[in-house]
Amino acid sequence: TVLLLGASVFVPPAAGEPPVWQTSGDLLKKSPKSFSRLDKAGIEGVVKRLPKSLSLIPDYLRDKDAQVHLHKGDLTIEGSFDNGHILVVDGNLTIRGSYDDYRDGIGILVVLGDMRAEHVVSWGSIAVTGALQATGLVYAYYNDFTFEVAGPVKARAMIVYDKSTNDPRVDALIRNTDGG
């Protein structure tokens with residue numbers, strides 16, 4: 001069955017084929033050398049590199065109970081990505097699927113570069129120093145965490161509800177922002 005939605009074509013997946021999700025836990029276990037755990041000095045090094053417009057995320061990284069993991073260089077994740085950890089990507093992040101930080105615990109993501117994904121669904125915190133591009137929806141909700149992007153956000157639709165944000169530039173057909 002093919003459903004026509006506006007000018008887009010949606011072809012549902014074959015019956016019985018669940019989407020492929022990579023988890024942050026699996027990523028950390030499978031590639032421990034790719035992700036180093038940051039100490040206080042390492043966290044401060046990341047914080048110093050953040051643009052002034054990303055002022056909300058440092059407190060989450062500096063939390064005394066935070067276990068912050070750093071990936072140096074660009075990172076590409078095949079399939080959708082379920083983040084339940086505190087991750088810093090020192091480079092660009094490309095997810096060949098959707099990003100979700102609530103499926104298996106609440107995750108925090110800092111990208112020191114650009115981020116690309118199909119959809120971005122966030123209850124945790126996201127901070128991107130470059131551009132955030134989604135081919136579909138960017139949805140950020142839940143007032144205990146933050147949504148900050150220094151560069152522009154480009155998506156079909158962006159919804160930020162009851163969440164602290166730096167109100168990034170947005171290029172989207174549908175935009176609804178109600179910061180927390």
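A residue is termed exposed when its relative accessible area is over 50%. By this criterion R96 is exposed, because its relative accessibility is 51%. The model in which R96 lies is a predicted one, and the values reported here were computed from it.

The protein has 180 residues, of which 43% are buried. Its secondary structure consists of three helices and 21 strands. The accessible surface amounts to about 9,600 Å², and carbon and sulfur atoms account for 51% of that area. Of the contacts between residues at least 6 apart in sequence, 26% join residues at least 24 apart.

Several of the strands are arranged in an open sheet. This sheet comprises six strands in the order 6-9-12-15-18-20, and the pairing is parallel. Strand 6 (75-78) and strand 20 (170-171) each have a single partner strand and stand at the edges, so one side of each lacks a neighbour in the sheet. Within the sheet, strand 9 (residues 93-96) and strand 12 (residues 115-117) are joined by two bridges in the parallel sense. T94 is placed opposite R116 of strand 12.

Further parallel pairings involve strands 11, 14 and 17. Strand 11 (residues 108-111) runs parallel to strand 14, and four bridges join the two. V110 has A127 of strand 14 as its bridge partner. Strand 14 is also joined to strand 17 by three bridges, again in the parallel sense, and V128 lies opposite V149 of strand 17. The residues of strand 14 (residues 125-128) alternate in direction: S125 and A127 point one way, I126 and V128 point the other way, and all are buried.

Strand 19 takes part in two pairings. Strand 16 (residues 137-141) runs parallel to strand 19 (residues 157-165), with five bridges between them. Y139 is matched with I159 of strand 19 as its bridge partner. Strand 17 (residues 146-149) pairs with strand 19 over two bridges, also parallel, and T146 stands opposite S164 of strand 19.

The largest nonpolar core contains 28 residues, and L93, M115, V138 and F147 have the most contacts inside it. Residues up to four places away in sequence being left out, F147 touches I126, L132, V138, A140, M158, V160, K163, S164, T165, N166 and P168. Another core, of 18 residues, lies apart from the largest one and includes V46, V110, L112 and A127.

L87 belongs to strand 8. This residue is buried, because its relative accessible area is 3% and the limit for burial is under 20%. Beyond neighbours within four places in sequence, L87 is in contact with S24, L28, F35, H69, F81, I108, L109 and V110. One of these residues, H69, is 18 residues from L87 in sequence, with a C-alpha to C-alpha distance of 4.9 Å.

Four salt bridges were found in a search of the whole structure. In one of them, E44 is bridged to R62, with 2.7 Å between the closest N and O atoms. This pair links distant parts of the chain, since E44 lies in helix 2 (residues 40-49) and R62 in helix 3 (residues 58-62), 18 residues apart. E44 is partly exposed, at a relative accessible area of 29%, and R62 is likewise partly exposed, at 41% relative accessibility.

A salt bridge also forms between D90 and R49, whose closest N and O atoms are 2.9 Å apart. Here a strand is linked to a helix: D90 is in strand 8 (residues 86-90) and R49 is in helix 2, with their positions 41 residues apart in the chain. D90 has a relative accessible area of 22% and is partly exposed; R49 is partly exposed as well, at 47%.

The salt bridge between E78 and R96 has a closest N to O distance of 3.1 Å. E78 is located in strand 6 and R96 in strand 9, the two residues being 18 apart in sequence. Strands 6 and 9 are adjacent in the order of the open sheet, and strand 6 is an edge strand with a single partner strand. R96, in strand 9, is exposed at 51% relative accessibility.

Note on methods: Residues are numbered from 1 along each chain as its sequence is written. This is a predicted model: local features need pLDDT of at least 70, side-chain atom pairs count only at pLDDT 80 or more; totals for chains, interfaces and linings use all residues. Side-chain values use heavy atoms; hydrogens and water are left out. Buried means under 20% relative accessible area, exposed over 50%, partly exposed in between (1.4 Å probe, protein chains only). Contact means heavy atoms within 4.5 Å. Accessible areas come from the Shrake-Rupley method with a 1.4 Å probe; for residues, only the protein chains shown count as cover. A nonpolar core is a set of buried Ala, Val, Leu, Ile, Met, Phe, Trp, Tyr and Cys residues joined through side-chain atoms within 4.5 Å. Two strands pair if DSSP finds at least two bridges between them. A salt bridge is a side-chain nitrogen of Lys or Arg within 4 Å of a carboxyl oxygen of Asp or Glu.
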